[in-house]
Amino acid sequence: MPPRKNLRLASFDAGGVRGFSLLEIMKTIMHWLNWDEGSNEFEGRALPYQHFDLIGGSGTGGLLAIMFARLRMSVEEASDEFFTVTEEVYKHDTLDSSERSKRLRRCMEEMLLRRGLPLDVKLMEETPGKGCAGFVVASLRNNLETRMCLRTYPVRVQPSSTITVVEAALATCATQPSFAPVSFGERYLKREYVGPGFGASNPVQEVIAEAHLLFGGDSSISTLLSLGTGHPGIVTLSEKDSGEYYKVMRDMMNDCEQKALDIEQRLGPVGIYSRFSVDQGLQNHHPGELANPGWITAQTEVYLTRHDTRDKIDTLVRNLKAEEGSVSLDQLKHVGGHGIGRMADIVKKSYDILISNLDDVIIAKLKPLDAATIEGHDVGSLRLAAGGWSRDVDRIAVRRRC
């Protein structure tokens, strides 16, 4: 396909019942998108799949990605379905892993029946390329470090899967040890999937990589939205809530927020990245409300009324409506990468752009080493040099914004 000019990407974190916080944020974003500034009133009812080109999710964030991208639900419809899932699956602490997985399967099957779809409807779209693409992240049980993207669209690098919507939802939600692994395929092709676990609870890097596979490196991006389910500081385990599931949720949110901070440091100056996740309000002295959808939603509403949050939403909406993106997927992939070579490329671009008499001294240090100099240094010293360059770039960027 020809390169796209204004790709709009979204990443949904894992988080169990706290997916309600993500849904409340998404509802507000959709309201802003459907508001007509000319008439100063609410216009139309465009759905999330009409505003985004790719949505990827992990855990319950993956479940919501399926609802929006594959089943094309509104936020209100997804919220109703998610409430049913949480009531049946997540609020019963005494369920064993097998029973919890059976209940989730039953919820997914009833969801499909309500929408007039067969129980074995495939995750892969019959006519891919129309509307919004989507994927969920899971891991192979016998190789937990391997992250598998289960897609609604075909890609060149991997044969298409025949996994169903129900199986994909079960796989990405199969957080260990609370859920049973999900088996798919027959004989030697049989695979067992579990939830992606730590390192992929926030799938923003997978979203970037999948967009590169699907749309090509020359396509440009106007928006990279990342939605979280709350800062880990809001999670405290009381004696009665000290079960394995709650410990997993706490560690998962720590993982999500740490990755979000890392991505913000790398992509913030590019101007396309927007991260929303409640950082205050769901305080430690309310451990009993950990699985209360109404309370989670109420605290998220408070977060959404803050001036800084509204400013961020305004910027996001403007990016979503932009006709052309400011950075290509090739550039974004490099900015999000690691290594001395990539760091040198980033630093060189910064050196070419940041021209100011006040910054001459810093910029002189930013200039990348030539090949001869690199050959005379060990890898450790180069890493230290790269770290110094990065800090100097940050200092210049702060002065520019001020």
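These legends accompany close-up views of a predicted model of one protein chain.

**View 1. The whole chain, 402 residues in the protein chain.**
Start with the overall build. The secondary structure comes to 15 helices and 11 strands. Buried residues make up 51% of the chain. Now count the contacts with a sequence separation of 6 or more: 74% of them join residues 24 or more positions apart. The chain exposes about 19300 Å². Carbon and sulfur atoms supply 50% of that exposed area.

**View 2. The largest nonpolar core, with 68 residues.**
Which residues touch the most other members of this core? They are Phe12, Ile55, Phe68, Leu150, Tyr193 and Leu227. Helix α1, residues 19-33, gives the largest share of this core, with 8 residues. Another core lies apart from it and has 26 residues. Among the members of that other core are Leu7, Val137, Val207 and Leu267.

**View 3. Tyrosine 193 and the residues it touches.**
Tyr193 is one of the residues that touch the most other members of the largest nonpolar core. Set aside residues up to four places away in sequence. Tyrosine 193 then touches Ala138, Ser139, Leu140, Met148, Leu150 and Ile163, among others. Its contacts also include Ala171, Ala174, Pro181, Val182 and Phe184. Leu150 appears in the list of best-connected core members too.

**View 4. The second largest pocket, about 450 Å³ in volume.**
The lining of this pocket has 19 residues. Which of them are closest to the centre? They are Gln158, Pro159, Ser161, Phe184 and Tyr193. Two strands, β6 (143-151) and β8 (191-194), each supply at least two lining residues. Strand β6 gives the largest share, 4 residues. By class, the lining has 12 nonpolar, 5 polar and 2 charged residues. Tyr193 links this view to the core, where it is among the residues that touch the most other members.

**View 5. A cis peptide bond between glutamine 176 and proline 177.**
Most peptide bonds are trans. The bond that joins glutamine 176 and proline 177 is cis, with omega of about 5 degrees. Where is proline 177 found? It is in the loop between α6 (165-173) and β7 (182-184).

**View 6. Arginine 72 and arginine 187, with positive phi values.**
Most residues other than glycine have a negative phi. Arginine 72 has a phi near 55 degrees. For arginine 187, phi is near 50 degrees. Arginine 72 sits in the loop between α3 (60-70) and α4 (75-90). Arginine 187 is found in the loop between β7 and β8. How do they stand towards the surface? Arginine 72 counts as partly exposed because its relative accessible area is 28%, which falls between the limits of 20% and 50%. Arginine 187 counts as exposed because its value is 74%, and the limit for exposed is over 50%.

**View 7. Glycine 134 in strand β5.**
Strand β5 covers residues 133-140. Is glycine 134 buried or exposed? Its relative accessibility is 3%, so glycine 134 counts as buried; the cut-off is under 20%. Leave aside its neighbours within four places in sequence. Glycine 134 is then in contact with Leu54, Ile55, Ala69, Leu150, Arg151, Thr152 and Tyr153. Methionine 67 is 67 residues away in sequence, with a C-alpha to C-alpha distance of 9.6 Å from glycine 134.

**View 8. Proline 293 in helix α9.**
Helix α9 covers residues 293-304. Proline 293 has a relative accessible area of 7%, so it is buried. Which residues does proline 293 touch, not counting those up to four places away in sequence? They are Val17, Phe20, Phe83 and Thr86. Valine 17 is 276 residues from proline 293 along the chain. Their C-alpha atoms are separated by 7.0 Å.

**View 9. Valine 157 in the loop between β6 and α6.**
Valine 157 counts as exposed because its relative accessibility is 57%. Leucine 213 is 56 residues from valine 157 in sequence. In space, the two are 8.1 Å apart, C-alpha to C-alpha.

How values were computed. Residues are numbered from 1 along each chain as its sequence is written. This is a predicted model: local features need pLDDT of at least 70, side-chain atom pairs count only at pLDDT 80 or more; totals for chains, interfaces and linings use all residues. Side-chain values use heavy atoms; hydrogens and water are left out. Buried means under 20% relative accessible area, exposed over 50%, partly exposed in between (1.4 Å probe, protein chains only). Contact means heavy atoms within 4.5 Å. Accessible areas come from the Shrake-Rupley method with a 1.4 Å probe; for residues, only the protein chains shown count as cover. On a 1 Å grid over the protein atoms alone, a cavity is a set of points where a 1.4 Å probe fits but cannot get out, and a pocket is an open set with protein on both sides within 12 Å along at least five of seven lines; lining residues have an atom within 4 Å of a point. Grid points are joined across faces, edges and corners, and a volume is the space filled by probe spheres set on the points. Ala, Val, Leu, Ile, Met, Phe, Trp, Tyr, Cys and Pro count as nonpolar, Asp, Glu, Lys and Arg as charged, and the others, Gly among them, as polar. A nonpolar core is a set of buried Ala, Val, Leu, Ile, Met, Phe, Trp, Tyr and Cys residues joined through side-chain atoms within 4.5 Å.
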